[in-house]
Amino acid sequence: MNNLPNKKISSVFLIGLFVMVLGFGTLLTHAAGAETMAGNRLALPTIGVDQSIIESATIAGIREKVWHRGVKNPEDGNFVLVAHNTLNLLGIAKGTFYDLPKVKVGDQAVVYWNGKTYTYKITKAQIVPPSAVQIEFNTPTPVLTAYSCIWTGNAKNRFMIRGDLISVE
């Protein structure tokens, strides 16, 4: 009896698993329906982030990009942005928001959105549980909320920053 086909399937599975754990597997994927609008990006000078913002139904496949949620216009309320802090299961490939916990109250964030520049002053930087869905609720005043999982081996918490809009150019 020849077990070669089973060995091929097992080898392919193991190679695929190895590739996904290291993070290479998502290099070729892109979120279904994701759209990057030219020039839309987030800058967090304190931690050296300057990254494109995409719009998508899910966060799957965004890789190093920033995922937009919340209101469509930053002047209309809570402009929510989410990104990965690591790009693989081992946590060895740093994601866009890897250093988000280094952002402090008083720092600035800049959103370039549809030809305008929105500057925010960070007013809150804290750890929240995944159940704190209220961080995405709309607000009566324009704010930026950005968050990511905290890499602890099980991503059980989120780190979020919130900033008040201080200028529009």
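# Notebook: contacts, cores and salt bridges

**Entry 1, overall picture.** I began with the contacts between residues at least 6 apart in sequence, and found that 55% of them join residues at least 24 apart. I note at the outset that this is a predicted model, and I read every value below with that in mind. The protein has 1 helix and 8 strands, and when I followed the sequence I met the helix and strands in the pattern α-β-β-β-β-β-β-β-β. I then looked up burial, and of the 169 residues 38% count as buried. The accessible surface comes to about 9400 Å², and 60% of that area belongs to carbon and sulfur atoms.

**Entry 2, the nonpolar cores.** I next asked which residues of the largest nonpolar core touch the most other members. In this core of 24 residues they are L42, L44, F79, L81, V111, L144 and I161. I also traced which strands contribute, and at least two core residues come from each of strand 1 (35–44), strand 2 (49–55), strand 4 (78–82), strand 5 (108–113), strand 6 (116–128), strand 7 (143–149) and strand 8 (158–168). A second core, separate from this one, has 10 residues, among them V82, A132, I135 and M160. As background I wrote down that nonpolar side chains tend to be buried together in soluble globular proteins.

**Entry 3, the surroundings of F79.** I picked F79 for a closer look and left out residues up to four places away in sequence; its contacts then include V71, P74, V111, W113, Y120, V143 and L144. The list of residues touched by F79 also holds H68, R69, K72, N73 and T145.

**Entry 4, T119 and the hairpin.** Is T119 buried or exposed? T119, which is found in strand 6, has a relative accessible area of 12%, and because this is under the 20% cut-off T119 counts as buried. Again leaving out residues up to four places away in sequence, I found that T119 touches Q108, A109 and V110, and also D164, L165, I166 and S167. I then turned to the pairing of strand 5 with strand 6, which is antiparallel and runs over 6 bridges. W113 stands opposite K116 in strand 6. The hairpin of these two strands has 2 residues between them, and N114 takes a positive phi near 50° there.

**Entry 5, salt bridges.** How many salt bridges does a search of the whole structure find? The search finds 6, and I followed up several of them.

- The side chains of E55 and K72 meet at 2.9 Å, N to O. E55 lies in strand 2 and K72 in the loop between strand 3 (66–70) and strand 4, so this pair ties together parts that are 17 residues apart in sequence. E55 counts as partly exposed at 21% relative accessibility, while K72 counts as exposed at 59%.
- The side chains of R69 and E136 meet in a salt bridge at 2.7 Å, N to O. This pair links distant parts of the chain, with R69 in strand 3 and E136 in the loop between strand 6 and strand 7, 67 residues apart. R69 counts as partly exposed, at 28% relative accessibility.
- D99 forms a salt bridge with K102, and the closest N and O atoms are 3.4 Å apart. D99 is partly exposed at 22% relative accessibility, whereas K102 is exposed at 51%.

Notes
Residues are numbered from 1 along each chain as its sequence is written. This is a predicted model: local features need pLDDT of at least 70, side-chain atom pairs count only at pLDDT 80 or more; totals for chains, interfaces and linings use all residues. Side-chain values use heavy atoms; hydrogens and water are left out. A nonpolar core is a set of buried Ala, Val, Leu, Ile, Met, Phe, Trp, Tyr and Cys residues joined through side-chain atoms within 4.5 Å. Buried means under 20% relative accessible area, exposed over 50%, partly exposed in between (1.4 Å probe, protein chains only). Helices (H or I, at least four residues) and strands (E, at least two) are DSSP runs, numbered from the N terminus. Contact means heavy atoms within 4.5 Å. Accessible areas come from the Shrake-Rupley method with a 1.4 Å probe; for residues, only the protein chains shown count as cover. A salt bridge is a side-chain nitrogen of Lys or Arg within 4 Å of a carboxyl oxygen of Asp or Glu. Two strands pair if DSSP finds at least two bridges between them.
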